[in-house]
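Biologist: Before I rely on the labels attached to a model, I would like to hear how each of them is justified. Could you take me through the reasoning step by step?

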Amino acid sequence: MFIQPCDPLPRVGITAVGSLLPDEVLSSDALQREVARRSGLTLPPRLLTQATGIVSRRVAGEGVYASTLAVGAARRALDAAGLGPLDVDLLLFASASRDLVEPATAHIVQAELGSRAHALDVTNACNSFVNGIDLARSMILAGRARRALVVTGETPSRAVRRDPADLAELRDGFAGYTFGDAGAAVVVEAVERGGIIAVDTETHSEHWEVGGIPGGGSRHPRGDAYTYFRGDGHELRGVFEKVGTAVIDRTLHRVGMDVDGFAKVLVHQVTVPYLERFAELTGVPAGKLVVTVPELGNVASASIGLQLDRVFDELAPGERVLFVGLGGGISIMTMVWEKS
């Protein structure tokens, strides 16, 4: 009996990447001096630098929005791919930050780019960008799109309280002093080989109150006090450590690799101590990491995109990269991508 051979599963991958950083550099020491001056608090010398390992970050200036950074990164990604705005039929703005509550920031990005794609927002804290890549891949595999542009523009520095009323308020928003601003973008489309090999996720929503920005929704539609980041960084770290490395272990098992087999491991970076703890728990060699947090701070969902942009051109076809996303909520996401 003749058996018709099955067609191989289609492959979807990342074919180009771009990123954009604001021009203004703000050192942790300068930020601490401003906080001390505006609050009247006496703080230990170099507290922010020593506690976080973050020396500086980029901050968006006047007239620079989440969409501004996303558009700049998108143009660089399209240029790298040799494409124009009309060559994409799906545009996902995948970010924790946004320009407005309504409409979707994706429409602002699209209007600036001049594209005519199906446009929408994807929001899941610092995992937004990796979620966006996964959604783009899924829609392409489903035949709903041919080529996607996934963008993020992060401006979390605007959610930092620089005039805390007292030490309690300083501690409540301390994790916010890690924030920096950035944009990133990738082109996602069908590829002949390689591409996105595996994706896995783990969500622990019972911890959604650990940290976040409470304002702008139906719970707190008005009031400046709700527009600042609130959260206990130590508690957040403790939740991630309690969850452990199960999702990473499953991904490695599925693709038949250990961490040494990847050309690079790109992980969301919050602080230097947190990154060091991640390496300790997972066994990822330091040389596999693309360290950005000391100079750029916690750039939310743009973190993995920025790291990918820094190494994309040096990767050889066939080399694999492990993405590890960590986001408030709480969610963990892994993705294995092989360069085509």
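Modeller: What follows is a set of questions about labels and the values behind them, and the model itself is a predicted one.

Biologist: Why is the contact between Glu34 and Arg162 called a salt bridge?

Modeller: The term requires a side-chain nitrogen of Lys or Arg within 4 Å of a carboxyl oxygen of Asp or Glu, and the side chains of Glu34 and Arg162 meet at 2.9 Å, N to O, so the pair satisfies the definition. The pair links distant parts of the chain, with Glu34 in helix H1 (residues 28–39) and Arg162 in the loop between strand S6 (147–154) and helix H6 (167–172), 128 residues apart. The structure holds 13 salt bridges.

Biologist: What makes Glu34 a buried residue?

Modeller: Its relative accessible area is 16%, and buried means under 20%, so Glu34 is counted as buried.

Biologist: How do you know that Asp163 and Arg161 form a salt bridge, and which label, buried or partly exposed, goes to each partner?

Modeller: The closest N and O atoms of Asp163 and Arg161 are 3.9 Å apart, and the cut-off is 4 Å, so the pair is accepted. Asp163, at 30% relative accessibility, counts as partly exposed, whereas Arg161, at 19%, counts as buried, because the limit for buried is under 20% and that for exposed is over 50%.

Biologist: What makes Arg254 and Asp200 a salt bridge, and where in the chain do the two residues lie?

Modeller: Their side chains meet at 3.6 Å, N to O, which is within the 4 Å that the term requires. Arg254 belongs to helix H8 (residues 246–255) and Asp200 to strand S8 (residues 195–203), so that the pair links distant parts of the chain, 54 residues apart. Arg254 is partly exposed at 48% relative accessibility, while Asp200 is buried at 11%. Both residues also take part in a network of salt bridges that links Asp200, Glu202, Arg250 and Arg254.

Biologist: How do you know that the buried residues of H8 are on the same side of the helix?

Modeller: The buried residues in H8 are Val247, Ile248, Thr251, Leu252 and Val255, and they cover an arc of only 135° around the axis, which puts them on the same side of H8. What covers them includes S8, helix H9 (272–282), strand S12 (320–327) and strand S13 (331–338). After H8 comes Gly256, whose phi is positive, near 65°.

Biologist: Why is helix H5 described as largely enclosed by the rest of the structure?

Modeller: Of its 14 residues, 11 are buried, so H5 is largely enclosed by the rest of the structure; among the buried ones are Phe129, Asn131, Asp134, Arg137 and Met139. Helix H5 (residues 128–141) reaches 20 Å from its first C-alpha to its last, close to the 20 Å expected at 1.5 Å a residue. Just after H5, Gly143 takes a positive phi of about 80°.

Biologist: What makes Thr292 buried, and which residues does it touch?

Modeller: Thr292 has a relative accessible area of 1%, and the limit is under 20%, so Thr292 is labelled buried. Thr292 lies in the loop between H9 and helix H10 (293–296), and, not counting residues up to four places away in sequence, touches Gln269, Gly297, Gln307 and Arg310.

Terms used: Residues are numbered from 1 along each chain as its sequence is written. This is a predicted model: local features need pLDDT of at least 70, side-chain atom pairs count only at pLDDT 80 or more; totals for chains, interfaces and linings use all residues. Side-chain values use heavy atoms; hydrogens and water are left out. Helices (H or I, at least four residues) and strands (E, at least two) are DSSP runs, numbered from the N terminus. Buried means under 20% relative accessible area, exposed over 50%, partly exposed in between (1.4 Å probe, protein chains only). The arc is that of the directions from the helix axis to the C-beta atoms. Contact means heavy atoms within 4.5 Å. The expected span of a helix is 1.5 Å times one less than its number of residues.
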